[in-house]
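Biologist: I would like a close look at one part of this model, namely the place where the two chains meet, and then a careful account of how that part sits among its surroundings. Please take me through it in one connected answer.

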Amino acid sequence: MLFNSFEFIFLFLPITLTLYFFFIRLKKMESAFCVLVLASLFFYGYWEYRYLALILFSMCFNFLCGQALSKHPSYQRSILIVGITINLALLGYFKYANFFAVNIGALFNLGWNLEKIFLPLAISFFTFQQISYLVDASKRETKEYNFIHYCLFVCFFPQLIAGPIVHHKEMLPQFVKVNRLTSQWENLAVGLGIFAVGLFKKTIIADNLSLFVQPVYDNPGIATELDFFMAWGSTLAYTFQLYFDFSGYSDMAIGCARMFGIKLPVNFFSPYKAENIVDFWRRWHITLSRFLRDYLYIPLGGNKKGPVRRYTNLLLTMLLGGLWHGAGWSFIVWGLLHGSYLIINHAWTKTLGILKITRSQSWLYRFTAWLITFLAVVISWVYFRAPTLEHANSILLAMAGFNGASLPAGVYARLGELSVLLQEMGLTVKQGGGAVLATNIIWVFVAGTVALLMPNTAQLFHRFEPVIYEHENSFRLQRSPSSWKWAFSRPYAVYTSILLLCGLLSLTQVSEFLYFQF
Amino acid sequence: MQPKTFLTHILITLILLSVAVIAFNFFIDPYLLFDSKRVASVNEKKSDINNFIPVSKAYHPLAKRPDLLIVGNSRVEMGLNPRHPCLKRRSGRPYNLGIPGIGVGSQLTYALNIIRQSETNEVFLAIDFTDFLTTSKTPPDKKYSLAPAQVRHLKYRSDGSLNPTYQTQRSLDYYRALFSLNALASSITTVFDQGQWATNRDDYGFNPANDFKKVTAIEGPQALFAQKLADLEKKYSRQWYLRYQGGTLPAEFERLRDFLVTTKERNVRVTLFTNPLHDEFWQLMKKHDLMETYRDWLTAITELLSGMDDQDIAFWDFSYDSPYIHEIVPPPGKNAKPLQWFWEPAHYRQELGDLMLDAMLSEQCGSKIVFGNRIQY
């Protein structure tokens, strides 16, 4: 079920909230949890009921593993290895079997022809979540003896499909808190506000940007026609589409959870404002970065075993991070690119340290750093989005100007004397496409302004503690730096209504979230 | 403010805003679904209707209860004006049912759908030989069927049976026209774009070709010619066929025959005609060896009509080589004047359409025939 659908907004969510609070008022907590678990399984099965068996098996298996870890400390290592192996095997079968069969078959000319295996929704998310539970349980950082509670941790519907990836230790204590009724209306109002922001980001900004992405990225035949402006217009549109789509989804998840009195961890914190790539990864898909850091990078040795090992670990972590997103060479290249960016960033910092040069705080240095970071991220998105490496390369070549630059005749005719100058610079004229180019520029400008100049959702709702931060001061500006501060006031009631209205008006043109494919 | 009061404020504001959006969209009526009153400089021109014509023309003609239909594609939609004096004299409620971008089968299904729900007694049906071509030498396995997306808005299917999903689709279409972001954006665009070149469809379904007027005025007529020729070149550089292996004709001929039989049964008089095309279009056809195919098509249509044994069907040809199609396209430049008879190679202007209506209605109207040949069969 999609958050941006009639059935979710007008049926599923109100019914689930009503039932949940009905049992909470009767102080029947376990019944309330059962309602949430059943509702979450319905939410998941509504999409494809056949995969319910998979998630149920996964939850049963990991719950039993968790119990075994607690009860049999002497076999802890073996249980953990078995648990992680089974989880990864399931993920590997559904997500990577086709990819490896095709590539190994091609490499050794084996003629393997595996039938297409459909990827169960959210498998990457609930598998990672449960691996983290097993590891934490093995370290005695968390434990769970109640199956319903465990199911609630795994399949709580707001975060089930596309995260944020949560830890057992940060979720369960919240569910079992008994004073949930005291701030029920506040939670509902704050949750609705955050949900409205997310719905707007997804349905208005991301979905409108997608119109400029598909014609270029989903049409490999266009490679020869692709020129500088089309390639940049489409790639910048995708850059912002992905952010508004995924952070919009995260906001909706955080908003929904808050309506039930639950706070989820922050998942995005204005990533395109980052001034270096390390900072970018502290702000983008934060819960995945946290998972990769805690359960992959650090176990590999992190930065404790010298620079060479550190850089190798970084590259490996990002490579696997790329593969987590999908089984394809373009995701591998994307992961390697980001691994390389991180290595360069760390090497630069180290060099400055050796030379005892302090980082300049001048606007020019900061702007240059931001621009380089942003461009590096934009280039990486080309591989992330393009269906094949060849298509990604042709888009990048067009962005570099190898296919020339041409302006639509309609735009050209309106440029007056400037058109002569542009012609001298080598720009050519083509027929058609003027309106598309103009709207592409407008949407990228609007999205860029919101992403770069406006406070993010966590900042906007700061006074209501909308999210869980890893540390008290994870970010320099956790409060809203501007006058935009959400409050229980008439103006914000109107703003929230307008955002909700825009979302409701878009319900007839429903589109999936990009991260559902991962 | 207490959170509970805040939530109440949101609910009330949301309801009020929703009602306002519905009322606004109903009044502006950007897709001509509600036949709302047109107010000059507010909603007179439907400037964002271009992408919604198949939906609009499924419902708008029903409100107009036409007794005469002009059927075809975008060429007739912007070429034949139902306000032509001869047409107005002949019919009280003429309507231009031209729909851009849909094939012969869909055009005929749209027309029959209106005929079955109104008192239509006359049809002017335009046919283009390019709409009858296929890219395959072998007939499709499945029986000819219409793309559901094009005809799902219609109450009747082409065979006269009721479309079982019509009521649901109609409700959805009206809902979307009242309460969707697209409709709201279109309404706002409509209000803000009421200039002389704003896109429009008038109450007779006619397209005044304001988009073409705008491009011609700003970029010159050669811009439209260049763009269309590039598109046509791309399209016709593929291999096209009129007949499958063994000489059988595509299903469009069968659909045309069925249409003519149904209209005869319902006492609807039909005038069939071919659209004129500019010489540059024909040069492209020659380049891609399609002239012989064109002649074969014209013969096949004539044979189909003679096989019908129905002398009431008039067949006019405007696609022949005439002085009207040989206008020279002026070179680029600020002073380039528009052509007199054509917008671009595939679309003629209303001025030429008027001459075509003069010819087709000459008997009833007493107008002169300066353009067009009536083909006897």
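Modeller: What follows begins with the interface and then moves outward into each chain.

This is a predicted model, and every value below should be read with that in mind. In the contact region, 33 residues of chain A are in contact with 26 residues of chain B. The area buried between chain A and chain B comes to about 2,500 Å², and carbon and sulfur atoms give 74% of that area. On the polar side, four residue pairs are counted in polar contact between chain A and chain B, both residues of each pair being at pLDDT 80 or more. The rule finds one salt bridge across the interface of chain A and chain B; there is a salt bridge between the side chains of Glu225(A) and Lys234(B), with a distance of 3.4 Å from N to O. On the side of chain A that touches chain B, helix H9 (184–217), helix H17 (409–413) and helix H21 (490–505) of chain A each supply at least two residues, and H21(A) gives the most, with 12 residues.

That contribution makes H21(A) the element to examine in detail. H21(A) has 16 residues and reaches 22 Å from its first C-alpha to its last, which is close to the 22 Å expected at 1.5 Å a residue. Its buried residues include Tyr492(A), Ala493(A), Thr496(A) and Ser497(A), and further along H21(A) Leu500(A), Leu501(A), Cys502(A), Gly503(A), Leu504(A) and Leu505(A) are buried as well. What do these buried residues of H21(A) pack against? Within chain A they pack against helix H1 (6–25) and H9, and from chain B they meet helix H1 (3–28) and helix H8 (181–192), and in this way the buried residues of H21(A) have packing partners in both chains.

Elsewhere in chain A, another helix can be set beside this one. Helix H5 (residues 123–138) of chain A has 16 residues and spans 22 Å from its first C-alpha to its last, close to the 22 Å expected at 1.5 Å a residue. Of the 16 residues of H5(A), 16 are buried, so H5(A) is largely enclosed by the rest of the structure. Just after H5(A), Arg140(A) takes a positive phi of about 65°. On the other side of the helix, Leu119(A) lies in the loop between helix H4 (76–107) and H5 of chain A, and Leu119(A) is partly exposed, with a relative accessible area of 31%. Ser289(A), in helix H12 (residues 286–297) of chain A, is buried at a relative accessible area of 16%. The side chain of Ser289(A) reaches the backbone oxygen of Trp281(A) at 3.1 Å, and, leaving aside residues up to four places away in sequence, Ser289(A) touches Trp281(A) and Trp284(A).

Turning to chain B, the surroundings include a sheet. Six strands of chain B form an open sheet in the order S2-S1-S3-S4-S5-S8, with mixed pairing. Strand S2 (94–96) and strand S8 (373–374) of chain B stand at the edges, each with a single partner strand, so one side of each is left without a neighbour in the sheet. Further in, four bridges join strand S1 (residues 68–71) of chain B to S3(B) in the parallel sense, and Leu69(B) has Val123(B) as its bridge partner in S3(B). Strand S3 (residues 122–127) of chain B is in turn joined to S4(B) by six bridges, again running parallel, with Phe124(B) standing opposite Thr271(B) in S4(B). S4(B) also pairs with strand S5 (residues 314–317) of chain B in the parallel sense over three bridges, where Phe273(B) has Trp316(B) as its bridge partner. Five of the six residues of strand S4 (residues 269–274) of chain B are buried, so S4(B) is largely enclosed by the rest of the structure.

One helical residue of chain B completes the account. Thr262(B) is found in helix H11 (residues 251–265) of chain B and counts as buried at 14% relative accessibility. Apart from residues up to four places away in sequence, Thr262(B) touches Leu112(B) and Arg116(B).

Notes:
Residues numbered from 1 in each chain as written. Chains lettered and ligands numbered in written order. Predicted model: local features only at pLDDT ≥ 70, side-chain atom pairs only at ≥ 80, totals over all residues. Heavy atoms only, no water. Expected span 1.5 Å × (residues − 1). Buried < 20%, exposed > 50% of the residue type's maximum accessible area, 1.4 Å probe, protein only. Pairing = 2+ DSSP bridges. Contact = heavy atoms within 4.5 Å. Buried area = accessible area lost by both parts, 1.4 Å probe. Salt bridge = Lys/Arg side-chain N within 4 Å of Asp/Glu carboxyl O. Polar contact = N/O pair within 3.5 Å; in protein donor to acceptor, adjacent residues only side chain to side chain.
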